[in-house]
Amino acid sequence: MSDTPAVRLRDASIGYDDVPIVTSVDLTVQRGEAVAVLGSNGSGKTTLARGMLGLAPVLGGEVELLGAPVGRLRDRGRVGYVPQRHTVSGAVPATVREVVSVGRLARLGLFRRLRAADRVAVGEAVAAVGLADRMEEPVASLSGGQQRRVLVARALAAQPELLIMDEPTAGVDAASQEALAGVLARISAAGTTLLVVTHETGPLTGVLTRAVVVDQGGVRYDGPLAGAEEAAGHGHHHCDPGEEPSSPGYRLDQPTVTSRSARALGGGR
Ligand SMILES: Nc1ncnc2c1ncn2[C@@H]1O[C@H](COP(=O)(O)OP(=O)(O)OP(=O)(O)O)[C@@H](O)[C@H]1O
Ligand SMILES: [Mg+2]
């Protein structure tokens, strides 16, 4: 099974309400690769990532993750996901430890208890994003950038084979970006496949080697990261998680996206 690609899309179209946003994409990511997904705002990067995870409908073609058709992967803990827009706040004041532990539970399956080794993994993931001293604090009391780092830790804690991150460094300070780059370098060297949607390849240059540039729902460039900047072209600008979305339809979808993605991934609270 491990010789199957981490990601394979064949003539894939992904969209919402039967309207394709991503169209006819062919993309294969082999195990162990570290791929940047670049492109301007609204080009379809998030839709592509969500289609891979079964969080946005695949309207045509084929999408496979770790050899399984989309949505059919039995053990969801094998795939980690850091969504672009997601606030961890809620009615119940969950602590950093609790939120990150949920990532670990995704790997174990529901109704399993965390053992000592799991608690170590949770502690390591939180330390990796520099929040060890905030472990017992409610996530809602952290800043936006710190909350993003909690989501990264949640994904790391599961020690997934494939990690898909949507703008993990947006709104995160330089020191934390560097720390994250270090963590990604380490897990990449250990064999984890990385797919990182980003507008800032700078901090991750040493980690990500291949780039896929999305433009108007299609793949415009697929090759070495070094050659991608030109293809990414203008309109390549930074967008904070807290910033207004570039298109009006976006926000409406967010509450559903959040709870659905959390459920689909065995995440949430
Ligand atoms: N839930 C949704 N329902 C309908 N249309 C959507 C939805 N989410 C995104 N879209 C549309 O799909 C298009 C691509 O959006 P997407 O979020 O995939 O872009 P992106 O490349 O991730 O942009 P950004 O860099 O701003 O994050 C946009 O035109 C957007 O309006
Ligand atoms: Mg996006």
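## Model and confidence

pLDDT is the predictor's confidence in each residue, on a scale from 0 to 100. This is a predicted model, in which local features need pLDDT of at least 70 and side-chain atom pairs count only at pLDDT 80 or more, while totals for chains, interfaces and linings use all residues. Residues are numbered from 1 along each chain as its sequence is written, and chains are lettered from A and ligands numbered from 1 in the order in which they are written.

The chain has a mean pLDDT of 83, with 81% of its residues at 70 or more. Among its elements, strand β8 (residues 193-197) has the highest mean pLDDT, 98, and helix α7 (residues 249-264) the lowest, 32. Helices (H or I, at least four residues) and strands (E, at least two) are DSSP runs, numbered from the N terminus. Over residues 234-269 pLDDT stays under 50, and the model has 53 contacts for this stretch beyond four places in sequence. Two residues are in contact if their C-beta atoms, placed from the backbone, lie within 7 Å. Where pLDDT is low, the predicted coordinates should not be read in detail.

## Overall make-up

The chain holds seven helices and 10 strands. Of its 269 residues, 44% are buried. A residue is buried if 20 or more other C-beta atoms lie within 10 Å of its own, exposed if 12 or fewer, and partly exposed in between, with C-beta atoms placed from the backbone. Of the contacts between residues at least 6 apart in sequence, 71% join residues at least 24 apart.

## The four-stranded sheet

Four strands form an open sheet in the order β2-β1-β4-β5, with antiparallel pairing. Because β2 (19-29) and β5 (68-69) stand at the edges with a single partner strand each, one side of each is left without a neighbour in the sheet. Strands count as paired if DSSP finds at least two bridges between them.

Strand β1 (residues 7-16) and strand β4 (residues 58-65) run antiparallel and are joined by six bridges. Ser13 stands opposite Gly60 in β4, and Arg8 has Glu64 of β4 as its bridge partner. On the way to the edge, β4 is joined to β5 by two bridges, again antiparallel. Here Glu64 stands opposite Pro69 in β5. The hairpin of β4 and β5 has two residues between the strands, and Leu66 takes a positive phi near 50° in it.

## Strand β7 and its partners

Strand β7 (residues 162-166) is largely enclosed by the rest of the structure, because five of its five residues are buried. Leu162, Ile164 and Asp166 lie on one side and Leu163 and Met165 on the other, and both faces are covered.

Strand β6 (residues 79-82) runs parallel to β7 and is joined to it by four bridges. β7 also pairs with β8 in the parallel sense, over five bridges. Leu163 appears in both pairings: it stands opposite Gly80, and its bridge partner in β8 is Leu194.

## The nonpolar core

A nonpolar core is a set of buried Ala, Val, Leu, Ile, Met, Phe, Trp, Tyr and Cys residues joined through C-beta atoms within 7 Å. The largest one has 73 residues, of which Val35, Val37, Ala153 and Ile164 touch the most other members. Helix α4 (residues 144-157) gives the most to this core, with seven residues. In soluble globular proteins, nonpolar side chains tend to be buried together.

Leaving aside residues up to four places away in sequence, Val37 touches Lys45, Leu48, Leu195, Val196, Val197, Val212 and Val214.

## Helices packed on α4

The axes of helix α2 (residues 96-108) and α4 come within 6 Å and cross at roughly 35°; axes are lines fitted to C-alpha atoms, for helices over the stretch in contact, and angles run from 0 to 180 degrees between N-to-C directions. This crossing of α2 and α4 is right-handed. Residues of α2 in the meeting include Val96, Val99 and Arg104, and those of α4 include Val150, Ala153 and Arg154.

Helix α3 (residues 116-128) and α4 have axes that come within 8 Å and cross at roughly 140°. In this meeting, Ala121, Val122, Ala125, Val126 and Ala128 of α3 face Ala153, Leu156 and Ala157 of α4.

## Glu229

Glu229 is placed in helix α6 (residues 228-232). It counts as partly exposed because it has 14 C-beta neighbours inside 10 Å. Glu229 and Leu38 are 191 residues apart in sequence, and their C-alpha atoms are 8.7 Å apart in space.

Key
A crossing is left-handed if the near helix is turned anticlockwise from the far one by less than a right angle, and right-handed if clockwise.
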